2 protein chains.
Amino acid sequence: MAQSDTVDRILDAAEELFADRGFSETSLRMITSKAKVNLAAVNYHFGSKNALIHAVFARFLTPFSATLENAFDELEARCDGEPPTLNQTLWALTESAVRMPQRNEKGISIFMRLLGLAYTQSQGHLRKFLEQEYSQPFSRFMRLLKEATPQLSSVDRYWRIQFMLGATAFTMSSSDALRDILQNKLGVETTVQEIAARLVPFLAAGMQAEDAMLVPPSHKSSVA
Amino acid sequence: MAQSDTVDRILDAAEELFADRGFSETSLRMITSKAKVNLAAVNYHFGSKNALIHAVFARFLTPFSATLENAFDELEARCDGEPPTLNQTLWALTESAVRMPQRNEKGISIFMRLLGLAYTQSQGHLRKFLEQEYSQPFSRFMRLLKEATPQLSSVDRYWRIQFMLGATAFTMSSSDALRDILQNKLGVETTVQEIAARLVPFLAAGMQAEDAMLVPPSHKSSVA
DNA sequence: GTCTGTTTGAAACATACGTTTGACCGGCAA
DNA sequence: TTGCCGGTCAAACGTATGTTTCAAACAGAC
C-alpha cells in the first residue's frame, strides 16, 4: 500500500483527508491516526500544520512543474518560432497532468481537488507559498496563453483564464462524484482522460468566443 | 448602516465574515463582536452555528429563487412555446442575480462568494439544506438548458453543465481577490455585472463548441 | 558494548471553539 | 404593584485543536 516511512505515511494520509474535507476541517489527530503514526510526528517532521500542507503540495507540484516545463520546451521546439496554438498549449498541460506517475488510481482527482481548495479556501500562507515556489511554470503558461490569443484584450484574457481555471479545478476536484452520478443516471463509464478530452474543447471554445458583450442582449434578440 | 435589530446585525456580520474567511474559519465570537451583540445571542436566536449559516443563505436565496422563477415564467411566455435559447436562459439567470435588491454595494459579490463556498467547501449540512429548499428552480434551469442544447448528447451536456457550474462557482467564489489582482496589475476596476457579462459569452461558446474530440490531437496537427 | 544523534511515544499544555447556564433588565397585562 | 416573559449579559462548561515536553527506543559509528 504505502511505504512504511513515517513521513510518507503522513503525507499520504494528509493528502487524502485534505482533499476529502478541506484544510481547517482536517485535524492533525485525524491525519496521524489514519497514518498510524504518533501525533507528535507531524510537528517533529514538518514543524507545523501549515508546513505539512505545503509539503503535501510540494510532493506533487515539484515533479509536475518539471514535467510541464519539459512539455512546454518540446512544444515550443516543435513549433519552431511560431507561437503554439491554444489547443496545443492546453493539451500540453492536460497531458502533463494525466501522465504524471500516480501514487494510486485516485491520484489526479485528489490533487485537482487540492488545487481547487488552495484557490477557493483562501489560506493566505498557502497562496503565498504556491506563488513563491511555482511562479515560473505558471508565468510561462500564461505567456503561452497570451501568445495563443492575441486577439483578446488583456482584461478579457485575464477573466477567461479565470473561467478556465474554475471549470478545470471544479470539475476535476469533484470528478469522482460526477463520474458516479453519470454512471448511475446514464450507465456510462468515464475516465479522467475522457473528462479532459471533453474539457479542452469547451475551454478552447470559451477562450475564443466572440467579444464579450458588456450589456445583456435586448429582450427580443435571440442569438443562435 | 444596518438595522439595530439583533437578528439582522448578526446576519449582516455573519454574511460578510463567511464570505471573507469561509465557514469553519469564522467563529461565533468573531461574528458577535463584529455585530456588537452578545455571544449567546446566536444560539438564542438561531439555535446553532449551522442554523445561522442556513439563515444567511435563506435570507438571500428565498427572494432570489422567487425572482428567478418569475424571470423564467416571463422568458417562456415571451418565447411562446418555442424553447428559450441558451443565451436567453443564461441571461435570465444572471439578470435575476444582478437585479436583486442589495443590502449594500458589496451585496452581490458577497453572495456569489458564499454560493461558491457552498459548492466547493463541501459542508454536508449546507448541501442538504440547499437541495431540500431550492431544488425546484434548479431543476427548471436544468430543463431549460436541455431544451436549449438539443444538439448535445446527454453525456456531453452533462459534462458541459459541470464545466459551466465550475467556471461560475469558482470565479464568483474568489471574485473579490481576482478583482483586486486585476486592479493592481492593470489598474482596471471591475463590477460583478461586468464579470457576469464576460462569463456568459464564455459559457455559451463552451456549451456550443464543436463535438468534443475524445483523443488528443496528434503531435503534428495544429487546429486553429 | 558504548556513546551519539535521530526518531518515536504517551502525556500534558495552552488556547479556541460551540454551547449552556442562570442572573438580570425592561416593558406590559392583570 | 405584582408577575410574567422575551431578550440580553457575563461567565462557565466540555470538548477539540495545534503544539510542546521529556523519557524511551532505535540506529549507526567507534
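How many residue pairs are in polar contact across the interface of chain A and chain B? The rule finds 4 such pairs, both residues at pLDDT 80 or more, a polar contact being N or O atoms within 3.5 Å, one able to donate a hydrogen and the other to accept it, with residues adjacent in sequence counted only if both atoms are side-chain atoms. This is a predicted model, in which local features need pLDDT of at least 70 and side-chain atom pairs pLDDT 80 or more, while totals for chains, interfaces and linings use all residues. Residues are numbered from 1 along each chain, and side-chain values use heavy atoms, without hydrogens and water.

**View 1. The contact between chain A and chain B.** Each chain brings 62 residues to the contact (heavy atoms within 4.5 Å). On the side of chain A, 34 of these residues are nonpolar, 17 polar and 11 charged.

**View 2. A salt bridge across the interface.** The side chains of Asp156(A) and Arg198(B) meet at 2.0 Å, N to O, in a salt bridge (a side-chain nitrogen of Lys or Arg within 4 Å of a carboxyl oxygen of Asp or Glu). The interface holds 2 salt bridges by this rule.

**View 3. The largest cavity.** This cavity (points on a 1 Å grid where a 1.4 Å probe fits but cannot get out) encloses about 50 Å³, counted as the space filled by probe spheres set on points joined across faces, edges and corners. Its lining (residues with an atom within 4 Å of a point) includes Glu15(B), Phe60(B) and Arg103(B), and the lining residues divide into 3 nonpolar, 2 polar and 2 charged.

Definitions and conventions:
Chains lettered and ligands numbered in written order. 1 Å grid on protein atoms, 1.4 Å probe; cavity = no way out; pocket = protein on both sides within 12 Å on 5 of 7 lines; lining within 4 Å. Nonpolar A, V, L, I, M, F, W, Y, C, P; charged D, E, K, R; others polar.
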